[in-house]
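Here's a quick tour of a protein chain for anyone just getting started with structures. Have a look at the sequence and the 3D view, then read on.

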Amino acid sequence: VSGATSYKLDVSTQNPFSTDFTLIDENFVNFTGNGTSVTVLDSYMNLTGWTGSQVYTYNSAARLGSGSNRGILTTPTIDLSNAESIKLTFDLGEYGTDASSIEVLHAADGSTFNSVTTIVAPSSMTTQIVYITGGTANSKIRIQAITDANERYYLDNFKVVKTVSNCIDGYKDLTVNALTQAVTGLTNHTN
């Protein structure tokens with residue numbers, strides 16, 4: 001590019017330069033019926049280790065919360081370390097006339113939850129996208145209502161995808177201020 005004074009360089013021995021790993025893909029397919037209290041989540045979820053309170057079935061989705069108690073759902077421990085990005089997607093919808101707002105939280109240590117964002121539940125099921133930062137091998141993600149009473153909501157298609165760079169250490173988004181750049185860490189004449 002004429003006039004450029006620097007450029008960004010990525011070097012990888014693999015194509016593509018990053019790989020996506022789906023760590024959780026929960027579609028709540030076992031949440032049949034409407035209104036059954038789910039107290040033993042392991043018998044309903046695709047992965048074991050989920051915890052929660054005020055979780056109910058709702059026609060292959062989850063309904064969380066009651067008129068007087070907050071709905072909470074927490075993932076099992078998931079390894080979010082060494083991530084280039086961590087993308088959480090889920091479908092969220094309001095319940096009846098409840099003016100529901102939910103909070104997405106992340107616990108890097110698996111127990112101390114910090115707020116990532118809050119979302120007002122839309123009137124119909126709508127996909128939400130949240131990016132998590134600071135992931136570790138001990139991470140957990142939680143979704144919960146903001147307040148205890150009358151903030152019920154529907155949840156479906158909960159998915160966590162971790163993207164990991166395949167770039168050689170030191171050669172990811174490297175700023176180069178010259179016409180050439182020596183690259184180390186490669187083996188000659190290999191594919």
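What percentage of the 191 residues of the chain count as buried? The figure is 39%. Keep in mind that this is a predicted model. The chain has 14 strands and 0 helices, and its radius of gyration is 21 Å, well over the 16 Å that the globule rule gives for 191 residues, so the chain is more spread out than a compact globule.

**The chain as a whole**

- If you walk along the chain from the N terminus, the elements read β-β-β-β-β-β-β-β-β-β-β-β-β-β.
- Picture a box drawn along the principal axes: the C-alpha atoms fill roughly 65 × 35 × 30 Å.
- Take the contacts with a separation of 6 or more: 73% of them involve residues 24 or more positions apart.
- About 10300 Å² of the chain is exposed, and carbon and sulfur atoms supply 46% of that area.

**An open sheet of 5 strands**

- The strand order in this open sheet is 4-7-12-9-10, and the pairing is antiparallel.
- Strand 4 (51–53) and strand 10 sit at the edges with a single partner strand each, so one side of each has no neighbour in the sheet.
- Going from one strand to the next, the twist averages 10°.
- At the strand 4 end, strand 4 and strand 7 pair in the antiparallel sense over 3 bridges.
- Within that pair, G52 is found opposite L73 in strand 7.

**A closer look at strand 9**

- Which strands does strand 9 pair with? One of them is strand 10 (residues 114–120), which pairs with strand 9 (residues 101–107) in the antiparallel sense over 6 bridges.
- Strand 12 (residues 140–145) is another: 6 bridges join strand 12 to strand 9, and the two run antiparallel.
- I102 is a handy residue to follow here, as its bridge partner in strand 10 is I119, while its bridge partner in strand 12 is A145.
- Also in strand 9, V104 stands opposite T117 in strand 10.
- Strands 9 and 10 make a hairpin with 6 residues between them, and G110 in the turn has a positive phi of about 85°.
- In a regular strand, side chains alternate between the two faces of the sheet.
- In strand 9, S101, E103, L105 and A107 point one way, whereas I102, V104 and H106 point the other way, and all are buried.
- Why is strand 9 described as largely enclosed by the rest of the structure? The reason is that 7 of the 7 residues of strand 9 are buried.

**Salt bridges**

- Side chains of opposite charge can pair when their charged atoms come close.
- How many salt bridges does the count come to? The count is 5, and three of the pairs are described below.
- R70 forms a salt bridge with D148, with the closest N and O atoms 3.1 Å apart.
- That pair links distant parts of the chain: R70 is in the loop between strand 6 (62–64) and strand 7 (72–74), D148 is in the loop between strand 12 and strand 13 (153–165), and they are 78 residues apart.
- R70 has 22% relative accessibility, so it counts as partly exposed; D148, at 42%, is also partly exposed.
- E84 and K172 meet through their side chains in a salt bridge, at 3.4 Å from N to O.
- This pair also links distant parts of the chain, 88 residues apart: E84 is in the loop between strand 7 and strand 8 (85–94), and K172 is in the loop between strand 13 and strand 14 (174–176).
- E84 counts as partly exposed at 37% relative accessibility, and K172 counts as partly exposed at 40%.
- E84 and K172 are also linked with D10 in a network of salt bridges.
- D98 and R152 form a salt bridge through their side chains, at 2.7 Å from N to O.
- D98 lies in the loop between strand 8 and strand 9 and R152 in the loop between strand 12 and strand 13, so this pair ties together parts that are 54 residues apart in sequence.
- Are D98 and R152 buried or exposed? D98 counts as buried at 6% relative accessibility, and R152 is buried with a relative accessible area of 17%.

Definitions and conventions: Residues numbered from 1 in each chain as written. Predicted model: local features only at pLDDT ≥ 70, side-chain atom pairs only at ≥ 80, totals over all residues. Heavy atoms only, no water. Pairing = 2+ DSSP bridges. Helix = DSSP H or I, 4+ residues; strand = E, 2+ residues; numbered from the N terminus. Buried < 20%, exposed > 50% of the residue type's maximum accessible area, 1.4 Å probe, protein only. Salt bridge = Lys/Arg side-chain N within 4 Å of Asp/Glu carboxyl O. Rg over C-alpha atoms; globule rule 2.2 N^0.38 Å. Contact = heavy atoms within 4.5 Å. Areas by Shrake-Rupley, 256 points an atom, 1.4 Å probe, with all protein chains shown as cover. Axes fitted to C-alpha atoms, helices over the stretch in contact; angles between N-to-C directions.
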